[in-house]
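Please read the following account alongside the sequence and the coordinates, moving from the overall layout of the chain to its interior and then to single residues.

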Amino acid sequence: GIGRVTEKMLHALQIVTVHDLYQQRALVRMCFKPATSKFLLRASLGCSSSSGHESSEDNNNNDDEIGRKGISKERTFASGRPMSEVYDKLESITQQLSSDMRAKNLWARTLTLKVKLHTFDVLSRSRSVRVFFQDAAGMVQMATELLKETRAQHHKGSGTVFSVRLLGVRCSNFQSEQDRHDQTTMSIKQYLPKGESSIKSS
C-alpha cells in the first residue's frame, strides 16, 4: 500500500526488495516521516496491518504548481472492516484532500477513486465534470458514488467478497491560468449592461 512518490524515493535509495528495506532501515527512518517509516519497517518484517494500525500517504505528483498533474490521498487499513467504516474513511480522506486543494488554490475537473481489495486486486473509477471543483461536500458525494458503483460492478463481475485494504482519492485535470482568466471575464460580463460586447478598461 505505498504510493508512487514513496516508490520513487525507495528506488532512488536503491531499495527494491523487502530485504533491501530491512537492511537500510536506518536510512528509511531518516528519509521518511515517522508514520511512513514505521509502516515500511513493519512491512519489511512481514507484519500486516491486521493489528489495526493504519498508514496514510499524500501523493503529489509534482511539487511545482505549474504543470501539476494530480494530487491524491490514500489510506491503508486492515481488511474485513464493515462497509460503514470504509465509507467513513473515504469521507475523511476526501475532506483532507479538499483541504489541501484549497490551501494550494487547486481546482480540478476529474476525480478518481482507487480501491485495493484483500486479494490485492486494484480497481479504479473516474468521473469528470464540466465545472471545476475543490469543495469537500461535492467531492465526498462524487467519491461515495464511485465507491458504490465500483462495489456493485465487482459483485456483478466476480461475486466475491468486497473487502477493502486501501482507499485512494485523486484529483486531476486542473484549472489553468487561461481557464481562470476566461472564468473571471465571464463573471464580469454578467454585470455589464446588455449590449456590451467588450470589457473597457478605465
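**From the chain layout to single residues**

The secondary structure of the protein chain comprises seven helices and five strands, and this description, like everything that follows, refers to a predicted model. Read from the start of the sequence, these elements follow the pattern α-α-α-α-β-β-α-β-β-α-β-α. Of the contacts in the protein chain with a separation of 6 or more, 63% are between residues 24 or more positions apart. The protein chain has 202 residues, of which 33% count as buried, and its accessible surface comes to about 12,200 Å², with 50% of that area belonging to carbon and sulfur atoms.

With this outline in place, the interior can be considered. In soluble globular proteins, nonpolar side chains tend to be buried together. Here the largest nonpolar core has 26 residues, and the members that touch the most other members are Met101, Leu111, Leu147, Leu167 and Cys171. Two or more residues of this core come from each of α5 (83-104), β3 (108-117), α6 (136-157) and β5 (164-174), and α5 gives the most, with six residues. Which residues does Cys171 touch, not counting those up to four places away in sequence? They are Lys69, Gly70, Ile71, Leu97, Met101, Ala108, Thr110, Leu111, Phe133 and Met139.

Apart from this core lies another one, of seven residues, among them Val28, Phe32, Leu40 and Leu41. Leu40 belongs to helix α4, which spans residues 34-44. Leu40 counts as buried because its relative accessibility is 4%, below the limit of 20%. Leu40 and Tyr22 are 18 residues apart along the chain, and their C-alpha atoms are separated by 8.9 Å.

Strand β3 also offers a polar detail, since Thr112 is found in this strand. Is Thr112 buried or exposed? With 17% relative accessibility, Thr112 counts as buried, because buried means under 20% relative accessible area. The side chain of Thr112 is joined to that of Ser126 by a polar contact of 2.7 Å. When neighbours within four places in sequence are left aside, Thr112 is in contact with Arg125, Ser126, Gly168, Val169 and Arg170.

Aromatic rings call for a separate look. A pair of aromatic rings is described by the distance of the centres and the angle of the planes. In this model the count comes to zero aromatic pairs, with pairing requiring ring centres within 6.5 Å. The ring of Phe132 nevertheless has the charged end of Arg109 sitting over it, 5.6 Å from the ring centre.

Two residues remain to be considered for their backbone angles. Asn105 lies in the loop between α5 and β3, and its phi is near 55 degrees, a positive value in a residue other than glycine. Asn105 is partly exposed because its relative accessible area is 40%, a value between the limits of 20% for buried and 50% for exposed. Phe120 is placed in the loop between β3 and β4 (122-133), and although Phe120 is not a glycine, its phi is positive as well, at about 70 degrees. Which side of the exposure limit does Phe120 fall on? Phe120 is exposed, because its relative accessible area is 55% and exposed means over 50%.

Key. Residues numbered from 1 in each chain as written. Predicted model: local features only at pLDDT ≥ 70, side-chain atom pairs only at ≥ 80, totals over all residues. Heavy atoms only, no water. Core = buried A, V, L, I, M, F, W, Y, C linked by side-chain atoms within 4.5 Å. Buried < 20%, exposed > 50% of the residue type's maximum accessible area, 1.4 Å probe, protein only. Helix = DSSP H or I, 4+ residues; strand = E, 2+ residues; numbered from the N terminus. Contact = heavy atoms within 4.5 Å. Phe/Tyr/Trp six-rings, centres within 6.5 Å; stacked < 30°, edge-to-face > 60°. Lys NZ or Arg CZ within 6 Å of the ring centre and 35° of its normal. Areas by Shrake-Rupley, 256 points an atom, 1.4 Å probe, with all protein chains shown as cover. Polar contact = N/O pair within 3.5 Å; in protein donor to acceptor, adjacent residues only side chain to side chain.
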